[in-house]
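Ready to practise reading a protein model? Work through the exercises below, and try each task before you peek at the solution.

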Amino acid sequence: MKTICLYFEIHQIIHLKRYRFFDIGTDHYYYDDFENERTIADIAERSYMPALNTLLDMIKVSGKYFKVAFSLSGVGIEQLEMHAPQVLDKLQELNETGCVEFLAEPYSHGLASLINEDSFEAEVKKQCQKIKEYFGQVPKVLRNSSLIYNDDIGLKASHMGFKGMLTEGAKHVLGWKSPHYLYHCTMAPNLKLLLRDIRLSDDVSLRFNNSEWDEYPLFADKYIGKIAALPNEEQVINIFMELSALGIAQPLSSNILEFLKAIPVCAKQAGITFSTPTEICTKMKSVGALEVPYALSWIDEERDVSSWLGNPMQREAFNKLYSVADRVRIANDSRINQDWDYLQASNNFRFMTTKNTGVAIDRGIYSSPFDAFTNYMNILGDFINRVNSLYPEDIGNEELNSLLTTIKNQGDEIEMKEKEIVRLQTKIAKIEAEEDKLRAKLEKEETKDKPKRTTTKKAAPKAEEKK
């Protein structure tokens with residue numbers, strides 16, 4: 001029986017402000033708060049809330065036949081907390097239906113998986129903790145930023161305990177194979193791979209409102225018909241996209257939500273079910289290994305990482321940022337950590353691309369890739385100075401790690417001794433209280449056993465008889 005795995009990504013770009021060379025060393029705040037608030041409030045109103053309300057209705061109307069999966073970047077959650085908490089409330093309401101799965105992904109929506117395994121693992125664990133706090137779920141399936149994947153990343157995900165990963169069903173990797181099967185990592189057979197169906201996903205997220213598209217207009221029965229017409233043995237249909245596709249990329253006026261509402265009805269009529277990624281990974285068997293020696297993604301025609309690292313500017317910024325990755329992780333300063341998360345976000349490198357993809361890129365405040373590079377490098381210069389100023393620059397990472405480990409151990413020892421002191425003080429107080437009770441009891445018993453004194457009144461002298 002065919003099953004649809006529908007997944008949506010929620011991530012929010014953190015907009016950097018205009019930062020001059022002369023600001024280095026004097027201004028340590030890098031963000032355009034007004035633009036960040038404006039954009040997420042706009043997306044929440046035009047996309048997230050209408051889409052989530054529709055998905056909730058679909059679950060209820062279908063009698064929980066319909067299922068869906070989400071992943072949220074950590075920085076996206078932070079922006080929702082500040083500017084659109086109603087979105088998180090709605091996601092929690094969806095979670096309560098039992099028909100929603102939340103996946104893991106890097107906290108920053110960054111590219112650490114391509115350069116620093118320790119940073120990548122720390123980010124994923126941090127995001128998983130955030131998901132557990134909000135939704136009570138421990139993610140079992142990993143979705144890397146923009147579906148970035150290769151064999152080494154798969155091996156790392158397996159070591160982290162994940163059952164599966166989402167990635168792109170790219171033609172240059174699949175060759176003659178179909179994305180409609182469950183595969184596994186060639187270096188870690190226990191890690192299952194769910195491959196995105198590019199055509200079916202992009203029909204909704206990119207082409208739905210395009211009146212020049214030869215399949216326009218697209219109706220739900222026709223869409224499900226495509227899936228039903230696939231060979232019987234092709235049973236896993238993975239449809240992955242950003243949630244903002246519903247309302248932003250495809251405006252609500254295009255009736256995109258009405259189309260979505262009809263999908264479960266048409267699917268049920270065709271005998272097609274819905275499954276979450278974990279259900280597929282646990283219930284289905286892999287048909288074989290998928291060998292991916294070079295990183296792929298769901299961006300641009302090449303489906304690789306050239307959108308972020310394709311030119312010398314991008315690679316210089318990328319390498320300079322991650323040159324302090326170990327130092328940031330070792331130092332573990334709260335303010336530095338927050339800036340680290342925001343500066344890692346992949347869009348910072350995407351703004352620097354010089355690729356001619358035929359699709360316009362919204363670069364925000366930047367007039368060109370070179371403008372984006374210059375602004376980012378100015379900010380990065382200040383950030384790296386702050387990282388290095390936490391501890392003397394002549395202390396290497398290994399020496400710094402050893403020093404901080406010693407300090408931490410000393411702190412732990414002091415904490416243990418303080419706890420022991422509190423424990424002994426509590427014990428002494430308890431003993432003293434018992435002594436007071438015993439003393440009071442003894443005094444009471446002594447008072448009880450002591451003979452009472454009797455007082456006799458002397459008889460009044462008789463009056464002398466009269467002689």
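**Exercise 1: Salt bridges in the whole model**

Task: Find out how many salt bridges a search of the whole structure gives, then look at the one between aspartate 27 and lysine 17.

Solution:
- Step 1. Keep in mind that you're looking at a predicted model. Searching the whole structure turns up 27 salt bridges.
- Step 2. Why look for such pairs at all? Because side chains with opposite charge can pair when their charged atoms come close.
- Step 3. Now zoom in on aspartate 27 and lysine 17: their closest N and O atoms are 2.7 Å apart. The cut-off is 4 Å, so this pair counts as a salt bridge.
- Step 4. Place both partners on the chain. Aspartate 27 and lysine 17 each sit in the loop between strand S1 (3-10) and helix H1 (33-61), ten residues apart.

**Exercise 2: Two domains**

Task: Say how the protein chain is divided into domains, and what the UniProt record adds.

Solution:
- Step 1. Split the chain: domain 1 covers 3-305 and domain 2 covers 310-397.
- Step 2. Check the record. An unreviewed UniProt entry places "domain: Glycoside hydrolase family 57 N-terminal" at residues 6-292.
- Step 3. Describe that span: residues 6-292 are 42% helix and 17% strand, and the C-alpha atoms at the ends lie 24 Å apart.

**Exercise 3: Where the domains meet**

Task: Describe the contact between domain 1 and domain 2, starting from their centres and ending with the residues involved.

Solution:
- Step 1. Take the centres over C-alpha atoms: domain 1 and domain 2 are separated by 25 Å.
- Step 2. Count the residues in contact: 39 from domain 1 and 36 from domain 2.
- Step 3. Turn to area. The two domains bury about 3000 Å² between them, with 51% of it on carbon and sulfur atoms. On the domain 1 side, Leu16, Arg18 and Tyr30 supply 21% of the buried area, more than any other three residues.
- Step 4. Add the charged pairs: six salt bridges cross the interface of domain 1 and domain 2. Have a look at aspartate 118 and arginine 329, a salt bridge whose closest N and O atoms are 3.5 Å apart.
- Step 5. Count polar contacts too: there are 23 residue pairs between domain 1 and domain 2.
- Step 6. Which elements of domain 1 give two or more residues to the side touching domain 2? They're helix H2 (74-83) and helix H4 (117-135), and H4 gives the most, with four residues.
- Step 7. Finish by sorting that side of domain 1: 17 nonpolar, ten polar and twelve charged residues.

Methods
Residues are numbered from 1 along each chain as its sequence is written. This is a predicted model: local features need pLDDT of at least 70, side-chain atom pairs count only at pLDDT 80 or more; totals for chains, interfaces and linings use all residues. Side-chain values use heavy atoms; hydrogens and water are left out. UniProt positions are given in the numbering used here, feature names are shortened, and annotations may be inferred rather than shown by experiment. Domain bounds come from an automatic or database domain assignment. Contact means heavy atoms within 4.5 Å. Buried area is the accessible area (1.4 Å probe) that two parts lose on being put together, summed over both. A salt bridge is a side-chain nitrogen of Lys or Arg within 4 Å of a carboxyl oxygen of Asp or Glu. A polar contact is a pair of N or O atoms within 3.5 Å; within protein, one must be able to donate a hydrogen and the other to accept it, and residues adjacent in sequence count only if both atoms are side-chain atoms. Ala, Val, Leu, Ile, Met, Phe, Trp, Tyr, Cys and Pro count as nonpolar, Asp, Glu, Lys and Arg as charged, and the others, Gly among them, as polar.
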